[in-house]
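Dear colleague,

Please find the structure below, handed over for your records. A summary of what was found in it follows.

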Amino acid sequence: MRVKTSDSLRHTGMILLVAKRQYPVLMVSPPAIADEAQNERIAELVNYQRQICEGFEIPYLDVFTPLRRSPVWMTEVRSGDGAHPNAAGYAELAQLVLSWPAWWKLE
């Protein structure tokens, strides 16, 4: 673990608070990777990030959950460096963002 969950969440809150004062803000979760132990930590982080965003009334998109279940994403991540997919995986991620109504409401 590079950063403690508590530190990550504290920094997330500070960044979002400052950003929201100046800009329209939304947040996208981290994606799943090839390491299941790390995915368990990411799943916990996603839940906490969602709560922070709800508290700040910031739209939050969980891409982790659908990408973790995606055969395309996970196959491509596993066949590469363990974190980054090929084009088909990125196309799935892009589709999740593009189909998110909050993406289109940014001003």
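What percentage of the 107 residues of the protein chain count as buried? The share is 35%. Please note that this is a predicted model, and that every value in this message is computed from it.

Overall architecture

The protein chain contains six helices and two strands, arranged along the sequence in the pattern α-β-α-β-α-α-α-α. Its radius of gyration is 14 Å, close to the 13 Å that the globule rule gives for 107 residues, so the chain is as compact as a globular protein of that length. Along the principal axes, the C-alpha atoms occupy a box of roughly 40 × 35 × 15 Å. Among contacts with a separation of 6 or more, 63% join residues that lie 24 or more positions apart. The exposed area of the protein chain is about 6800 Å², of which carbon and sulfur atoms supply 58%.

The nonpolar core

In soluble globular proteins, nonpolar side chains tend to be buried together. In the present model, the largest nonpolar core has 25 residues, and Leu-16, Cys-53 and Trp-73 are those with the most contacts inside it. At least two residues of this core are supplied by each of α1 (5–22), α2 (36–55), β2 (60–61), α3 (64–69), α4 (71–79) and α5 (87–98). Helix α2 gives the largest share of the core, namely five residues.

Which residues does Leu-16 touch, not counting those up to four places away in sequence? They are Val-25, Met-27, Ile-52, Cys-53, Phe-56 and Ile-58. Cys-53 thus appears both in this list and among the residues with the most contacts inside the core.

Individual buried positions

Two further residues may merit your attention.

- Ser-8 is located in helix α1. Its relative accessible area is 19%, under the 20% limit, so Ser-8 counts as buried. Once neighbours within four places in sequence are left aside, Ser-8 is in contact with Val-3 and Leu-45.
- Ala-102 belongs to helix α6 and is buried, with a relative accessibility of 15%. Apart from neighbours within four places in sequence, Ala-102 is in contact with Leu-26 and Pro-59. Ala-102 and Met-27 are 75 residues apart along the chain, and their C-alpha atoms are separated by 9.8 Å. Met-27 is also one of the residues that Leu-16 touches.

The surface and a backbone angle

Leu-98, Trp-103, Trp-104 and Leu-106 make a nonpolar surface patch of about 430 Å². Of these residues, Leu-106 is found in the segment after α6 (101–105). Is Leu-106 buried, partly exposed or exposed? Leu-106 counts as partly exposed, because its relative accessibility is 39%, which lies between the limits of 20% and 50%.

Most residues other than glycine have a negative phi, and most peptide bonds are trans. Glu-57, by contrast, has a positive phi near 55 degrees, although this residue is not glycine. Glu-57 lies in the loop between α2 and β2. With a relative accessibility of 69%, over the 50% limit, Glu-57 counts as exposed.

Yours sincerely

Technical notes. Residues are numbered from 1 along each chain as its sequence is written. This is a predicted model: local features need pLDDT of at least 70, side-chain atom pairs count only at pLDDT 80 or more; totals for chains, interfaces and linings use all residues. Side-chain values use heavy atoms; hydrogens and water are left out. Patches are made of residues with over 30% relative accessible area and no salt bridge: like charges are joined within 9 Å, nonpolar side chains (Val, Leu, Ile, Met, Phe, Trp, Tyr) within 5 Å. Accessible areas come from the Shrake-Rupley method with a 1.4 Å probe; for residues, only the protein chains shown count as cover. A salt bridge is a side-chain nitrogen of Lys or Arg within 4 Å of a carboxyl oxygen of Asp or Glu. Helices (H or I, at least four residues) and strands (E, at least two) are DSSP runs, numbered from the N terminus. Buried means under 20% relative accessible area, exposed over 50%, partly exposed in between (1.4 Å probe, protein chains only). A nonpolar core is a set of buried Ala, Val, Leu, Ile, Met, Phe, Trp, Tyr and Cys residues joined through side-chain atoms within 4.5 Å. Contact means heavy atoms within 4.5 Å. The radius of gyration is taken over C-alpha atoms; the globule rule is 2.2 Å times the number of residues to the power 0.38.
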